[in-house]
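I opened the model to look up how its sheet is put together and what surrounds one residue in it. The entries below are in the order in which I checked things.

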Amino acid sequence: MSEFLRRFAEDFAELTADNLQSLDRLYSSDVRFRDPLHQINGLDALRSYFAELYANTRDISFRFHSFHQVDEGTGYLRWTMRFSHPRLRGGRPSEVEGCSHLRWHERVYLHHEYFDAGALLYEHLPLMGALISWLKRRMV
């Protein structure tokens, strides 16, 4: 297992709304972050994104399952995110599995998140959730 990936995952899992200054240790100032819903450039923008994320969710946590270093400075993390959002599922906890592709030198400069945006968001919206559930049943 990559020591860098293990340490990154441990530090990332410790993030809260109260310690977002820790992002400076994890990411370079010119970091590029992308997930299915956002594209963010720069550490200041990333810090704002995480501040909003932690302000709008409750009990957010990450469990990391596997660490795979492809070569020097490139690797993947598999994870499960658990969170509660007052507008999704009546505030009940939700879980989403995903994978992060990271590139780093001393700190991460490229972070791409891969996860099912429907499982995160769309399936929990009143009208859209019913439509997605119907579509899934029809496709089986």
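These entries go from the sheet, through the helices, to a single histidine.

**Ground rules.** I am working with a predicted model, in which local features need pLDDT of at least 70 and side-chain atom pairs count only at pLDDT 80 or more, while totals for chains, interfaces and linings use all residues. Residues are numbered from 1 along each chain as its sequence is written, and side-chain values use heavy atoms, with hydrogens and water left out.

**Sheet order.** I looked up the strands (DSSP runs of E, at least two residues, numbered from the N terminus, as helices are for H or I runs of at least four) and their pairing, which requires that DSSP find at least two bridges between two strands. Six strands form an open sheet with mixed pairing, in the order S2-S1-S6-S5-S4-S3. Its edges are strand S2 (38-41) and strand S3 (58-71), each of which pairs on one side only. On average, neighbouring strands are turned by 20 degrees against each other, direction ignored; the axes are lines fitted to C-alpha atoms, for helices over the stretch in contact, and angles run from 0 to 180 degrees between N-to-C directions.

**Around S6.** I then followed strand S6 (residues 108-115), where six of the eight residues are buried, that is, under 20% relative accessible area with a 1.4 Å probe and protein chains only. S6 runs parallel to strand S1 (residues 27-35), with four bridges between them, and valine 108 is the bridge partner of tyrosine 27. With strand S5 (residues 94-104), S6 pairs in the antiparallel sense over seven bridges, including the one between glycine 98 and phenylalanine 115, and a hairpin of three residues joins S5 to S6.

**Helices.** I found helix H1 (residues 3-13) lying across S1, S3, S4, S5 and S6, at about 170 degrees to S3. Helix H3 (residues 43-56) packs on the sheet and touches S1, S2 and S3, its direction making about 55 degrees with that of S1.

**Histidine 111.** Is histidine 111, which I located in strand S6, buried or exposed? I note that histidine 111 is buried, because its relative accessible area is 1%. Its side chain makes polar contacts (N or O pairs within 3.5 Å; within protein, one atom must be able to donate a hydrogen and the other to accept it, and residues adjacent in sequence count only if both atoms are side-chain atoms) with the side chain of tyrosine 27 at 2.7 Å and with that of serine 100 at 3.5 Å. Among the residues that histidine 111 touches, I listed Phe8, Phe12, Arg32 and Leu102, not counting residues up to four places away in sequence, contact meaning heavy atoms within 4.5 Å.

Conventions:
Buried means under 20% relative accessible area, exposed over 50%, partly exposed in between (1.4 Å probe, protein chains only).
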